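Me: I would like to go through this model with you, from its interior to its surface. Please keep the criteria explicit as we go.

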Amino acid sequence: MGNGLEELELKPVVEPVPERLTVDAMLQKYCGEFGPWQLKNFFLSNLSCTLEAFHTMVMIFADRDVAWRCLDHSGCDAAEKDVCRLEPGSWEWVGGRGSSTVVEWGLVCGNKYKVGLAQAIFFVGCTLGAGIFGHLSDSSFGRKRSLILVCILNTIFGCLTALSPSYWIYVLLRLLTGVSTAGNALCAFVLSTEPIGPTRRCTAAMSTCYFFSGGIALLSGIAYIFQSWRKLYIVSSIPSLFYLILVVPFLSESPRWFLVRGKFDKAMKALTIIANTNKKHIPEGVVLSLDTKNSQTNNNSNNNKSIIDIMRSPTTRMRLIIGVGVNFMNAVVYYGLSLNVVNLKTNLYVNVLLNAVVEMPAFAVTAALLGKMGRRGVGIWTLWFSGVFCLMGSMIKSNSEGKWRVLKVACGLLGLSGMAGNYNLLGLYVAELFPTVVRNVALGCASQATQMGAILAPFVVVMGGRWPFLVFGVCGIVGGMLVFFLPETLNRPFYDTLAGLEDGENTNIASAPSNNVVRVSSSNV
C-alpha cells in the first residue's frame with residue numbers, strides 16, 4: 001500500500017517538460033527549412049517584385065526622348081542636335097503626340113528639367129512609403145494586409161496616371177505611386193524569407209532580385225509593343241490587380257509576426273501547416289517561444305517597437321546608422337550607373353534589357369560567395385569591385401572614341417554588376433542585423449536611404465564629364481570601408497526581440513570562437 005502511494009507521488013516528477021523552441025529551431029528540427037511550402041510561398045510572394053519593377057521602371061519608356069524629323073520644304077536644318085533652335089511648324093515628332101510625356105507636354109529645351117523632376121519625385125514618394133509601410137507591416141496591420149494595400153494602391157494610382165490631364169497631375173500621381181511601390185519590396189521580402197530556416201535563408205533571400213531584374217526585362221518587351229505612354233501605364237498597372245485576385249489568397253501571414261504580436265496559437269498553427277505540407281510532424285509537447293527570457297509576456301504593447309527603440313540600444317543604433325549610410329551610397333552608384341548606361345548609344349529597349357541581363361550573373365556570383373566569405377566579406381568586396389572600376393572609368397575622357405569608349409562602357413557595366421550584387425545582399429544583411437519586432441522598421445529606414453540615393457543619382461549624372469564615375473567610385477570605396485564596422489551574420493538565426501538580440505550578442509562575445517553549435521534560443525549562443 002505504501003509503495004503504491006509512493007509511485008503516485010513520483011508520477012508528477014517524471015512528466016515530460018514542454019520543449020520550448022524559437023521559430024528558427026522549430027523550422028530546423030520539425031518543419032523543414034525550405035520544403036514545398038516555403039518554395040511556393042517564396043515564389044508567390046516575390047512575384048510582386050516583378051510588378052514593382054513595372055511601376056518603378058515604366059518612366060524610362062513613358063518619359064523617353066522621341067525622335068523628330070523635318071517637314072518637307074520647311075527650311076528645317078536636320079543637322080541640329082535638338083529642336084530648340086528650330087522654327088515651330090518646321091518639324092514634327094516621330095510617333096505622334098501620345099508616344100511620350102516629353103511630346104505630350106513639351107518637356108524639351110527649357111522644360112527638359114521636368115523629366116528628371118518627375119523621376120526624382122517618384123523616389124521621394126518611395127522614401128515616404130518605405131517609412132510608412134515599414135511601420136505598418138510591423139504593426140498590428142501585418143505583412144500580408146500591407147501587401148494587399150500596396151496592390152490596391154498601385155493599381156489605382158497607375159491607371160490614374162494614364163489619365164493625367166496635365167504634367168503636374170502626372171507628377172502628383174507618380175509621387176503617390178512611389179509611396180505604394182516602396183511597400184511592395186518590403187512586404188514581399190519579409191513574407192518570403194521569415195518562414196525559411198537559417199541555413200537556407202541566405203540563398204533564398206539572394207534570389208529575390210532575380211524577380212525584379214526579370215520584371216525589367218519583361219517590361220522592355222511590353223514597352224516595345226505598347227509605345228503609347230498612356231497605354232503603357234495601364235498595361236503595367238493592371239497586373240497588380242491580377243496579382244491581388246489570383247495570388248494573394250494563397251499567401252500566408254508570417255508566423256514570426258504572429259509570435260511577436262502575442263498570437264502564439266496562430267503562430268503554432270502556421271508552423272503546423274508548414275510541417276504538414278513538407279510531410280513532417282511537430283510532436284506534442286513542443287511550445288513556441290520568443291528568443292528572450294521574457295517570452296511568456298505576450299502583451300502586444302510591448303511589441304509596438306519603432307525607430308526610437310532601435311536608437312535606444314547602442315548595438316542596433318550603430319547598425320542602423322551604418323546600414324543607412326551603405327544603402328545610400330549603394331543607391332547613388334546603382335541608379336546612377338543605370339542611368340549612365342544610356343550613353344551606350346543603343347536602342348532604348350535593348351539598352352534596358354542589357355541593364356537587366358548584366359545584373360543577373362552578379363546575383364549568382366554573390367550568392368555563391370556568401371557561404372565562403374560571409375555577408376560582411378561579400379559586402380566589402382562588391383562595393384570595392386564597383387568602386388575600382390568606376391574610378392578607372394573616371395580616368396577615361398567622356399568623348400573618347402574607339403577602344404577607349406568601349407573600355408569606358410565596360411567599366412560602367414562592371415561597376416553596375418558589382419553594385420547590383422551588393423544591392424541584392426543588403427536586403428538580407430539588414431534583415432539579419434535586426435530582430436523581428438523592428439526588422440521592417442530597419443528595412444524601411446534602409447529603403448528610405450536607398451530612395452534618397454536614387455533621388456541624388458540623376459543629378460550626379462547631369463554633372464557630366466568625369467564627375468559621375470568619380471563620385472560613384474568614391475561612394476563604392478567609402479561604402480566598403482563602412483561595412484567593416486558591421487558584425488558577421490552568417491549562420492546566425494533571426495532574433496525575435498531586442499532583448500534577445502542583446503542577450504545573444506553579449507553571450508556571443510563571451511563564448512569561445514570555436515563554438516559552432518547552432519543556437520536554439522538566446523541562452524545557447
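Me: Which residues touch the most other members of the largest nonpolar core?

Reply: This is a predicted model, in which local features need pLDDT of at least 70 and side-chain atom pairs count only at pLDDT 80 or more, while totals for chains, interfaces and linings use all residues. Residues are numbered from 1 along each chain as its sequence is written, and side-chain values use heavy atoms, with hydrogens and water left out. A nonpolar core is a set of buried Ala, Val, Leu, Ile, Met, Phe, Trp, Tyr and Cys residues joined through side-chain atoms within 4.5 Å, where buried means under 20% relative accessible area, exposed over 50% and partly exposed in between (1.4 Å probe, protein chains only). Among the 119 residues of the largest such core, those touching the most other members are Met-26 and Ile-282.

Me: Which helix gives the most residues to this core?

Reply: Helices are DSSP runs of H or I with at least four residues, strands are runs of E with at least two, and both are numbered from the N terminus; the protein chain has 19 helices and four strands. With eleven residues, the element that gives the most to the core is H17.

Me: What is Ile-282 in contact with, leaving aside its neighbours within four places in sequence?

Reply: Contact here means heavy atoms within 4.5 Å. With those neighbours left aside, the partners of Ile-282 are Met-26, Tyr-30, Cys-31, Met-268, Leu-271, Thr-272 and Ala-275.

Me: Why is Cys-151 not in a disulfide, and how far away is the closest cysteine sulfur?

Reply: A disulfide is counted when a pair of cysteine sulfur atoms lies within 2.5 Å, and by this rule the count is zero. Cys-151 is buried, at a relative accessible area of 2%. Its sulfur is too far for a bond from the closest cysteine sulfur, that of Cys-187, because the distance is 9.2 Å.

Me: And which residue holds the cysteine sulfur closest to that of Cys-209?

Reply: Cys-209 also counts as buried, at 13% relative accessibility. The closest cysteine sulfur is 7.8 Å away, too far for a bond, and belongs to Cys-49.

Me: Where does Met-463 lie?

Reply: At 45% relative accessibility, Met-463 counts as partly exposed. Together with Trp-467, Leu-470, Val-474 and Val-478, Met-463 forms a nonpolar patch on the surface. In terms of secondary structure, Met-463 lies in the loop between helix H17 (436-462) and helix H18 (467-483).

Note on methods:
Patches are made of residues with over 30% relative accessible area and no salt bridge: like charges are joined within 9 Å, nonpolar side chains (Val, Leu, Ile, Met, Phe, Trp, Tyr) within 5 Å. Accessible areas come from the Shrake-Rupley method with a 1.4 Å probe; for residues, only the protein chains shown count as cover. A salt bridge is a side-chain nitrogen of Lys or Arg within 4 Å of a carboxyl oxygen of Asp or Glu.
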